[in-house]
Amino acid sequence: MSLKEQFGKDILITGWGHSKFGKLTDETLESLIVQVATDAINTAGIEPGQVDEVYVGQFNSGMMPLAFPSSLALQVSPDLANVPATRVENACASGSAAFQQGTKSLLAGTARTVLVIGAEKMTHAGADVVGAGLLGADYDMAGKSSTTGFTGLFADVAKHYAKRYDADGKLGDVLGTIAAKNHRNGVDNPYAQLRKDLGEEFCRTVSDKNPMVADPLRRTDCSPVSDGAAAVVLSTSPTGGTAAPVRLAGFGQANDFFPASRRDPVAFEATRVSWQRALAMAGVGIADLDLAEVHDCFTIAELLMYEAMGLTEPGQGALALEEGWVFKDGKLPVNLSGGLKSKGHPVGATGVSQHVLAAMQLTGTAGDMQLANPRRAAVQNMGGVGIANYVSILEAV
């Protein structure tokens, strides 16, 4: 049973906008929001006054003084005056949280057209401010000092994974292969922050240019600090825009317990449940997907996604790389955009960006990233260490 069959209406992505990701010193949070919102409205072929509601995904967590950005979208046009606008926050999944809130407004019938924006400015802040801000998304480390920040938390995940599953000591090479894959994919993404094919040898090797950040995670295993924004228009019917609409076939959300002591460090159980819920609503399985954009804030996270989505059994994620399944010419290409690893990770923007890049694939507008005739895509976005989890299943119309 699809979303349309369950709720009796379509949810369509009818327009989108996407900024460059990176260190955008000439941009403000406001300029980024206005840029992508304007592009989304224009590509949807609608007038600003047709927007019934606005959701803005932004994490912030003290990384910038302005912590109330919801009405910045109204700067697009005077015709947006008095439109309801709400900031949505769920750590690094804030963008997908905003997307699902917009979806639920449409399903509830309180809106017919919703503008969803994800945006973040991070690079202006010092490393200590960014690190402390991101650690606010961890129950055990919030407010505490750390020399490795969130990298250290995912390094602990990698250590637990190695202890349980990596008897041959090959995890470092596996993670290096994921990093190299995503850097290679990112070369073809004009929005990406890091557009350089680094090669497997470089990504697998600790060096002056690729130091260990938190053992066993090297610099190439970590997504960069980024600025950027993305936006989509969600509608219940086609709007006659410049690109074909994309259908939301199913979605899922699941949250895990916040204290690390209450979670299996490598099971990512709530992530698995979010996948199951989205696939069940869409009435499809993993074999029915043509591509996936997943949350690779660190390479160990992407490895765990292969297992959480059901592509492999637990502990066997490396098989997806060994068999070539997740490469561009494989049976389920993962992170054709370069992922967070290469594209960048302006945390509030990430979930919306993933939906935009998947929609571009399904409408044949992804340029050098384009697959041949994909029909169905998955988007997976995560906040914290497997805490807040969102999955969307998108289909070409």
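The secondary structure of the protein chain, taken from a predicted model, comprises 12 helices and 11 strands. The C-alpha atoms occupy a box of roughly 60 × 45 × 40 Å along the principal axes. A compact globule of 397 residues would have a radius of gyration near 21 Å, and the 19 Å of the protein chain agrees with this expectation. Of the 397 residues, 60% are buried. Among contacts with a separation of 6 or more, 77% are between residues 24 or more positions apart.

The accessible surface of the chain amounts to about 14800 Å², and carbon and sulfur atoms contribute 49% of this area. The chain carries 32 positive and 42 negative charges, and the mean positions of the two sets lie 1 Å apart.

Strand β1, spanning residues 12-18, is mostly covered, with 7 of its 7 residues buried. β1 pairs with two strands that lie later in the sequence, β7 (residues 228-235) and β8 (residues 246-255). The pairing with β7 is antiparallel and consists of 6 bridges; within it, H18 has A230 as its bridge partner. The pairing with β8 is also antiparallel and consists of 2 bridges, and here I13 is partnered by V246.

A230, the bridge partner of H18 in β7, is also in contact with V116. V116 belongs to strand β4, which covers residues 113-120. The relative accessible area of V116 is 0%, so this residue is classed as buried, the cut-off being under 20%. Although V116 and A230 are 114 residues apart along the chain, their C-alpha atoms are separated by 8.5 Å. Leaving aside residues up to four places away in sequence, V116 touches Y55, G95, A98, F99, G102, A230, A231, V232, L234 and V352. Several of these contacts, including A230, A231, V232 and L234, fall within the range of β7, residues 228-235. Another contact of V116, V352, falls within helix α12, residues 347-362.

Helix α12 is also one of the packing partners of helix α4. Helix α4 runs from residue 127 to residue 135, and its buried residues are V130, G133, L134 and L135. An α-helix has 3.6 residues a turn, so residues three or four places apart point the same way. Within α4, V130 and G133 are three places apart and V130 and L134 are four places apart, and each of these residues is buried. The buried residues of α4 pack against α5 (149-165) as well as against α12 (347-362).

Notes. Residues numbered from 1 in each chain as written. Predicted model: local features only at pLDDT ≥ 70, side-chain atom pairs only at ≥ 80, totals over all residues. Heavy atoms only, no water. Buried < 20%, exposed > 50% of the residue type's maximum accessible area, 1.4 Å probe, protein only. Contact = heavy atoms within 4.5 Å. Pairing = 2+ DSSP bridges. Rg over C-alpha atoms; globule rule 2.2 N^0.38 Å. Areas by Shrake-Rupley, 256 points an atom, 1.4 Å probe, with all protein chains shown as cover. Lys, Arg positive; Asp, Glu negative; His and termini not counted. Charge placed at Lys NZ, Arg CZ, Asp CG, Glu CD.
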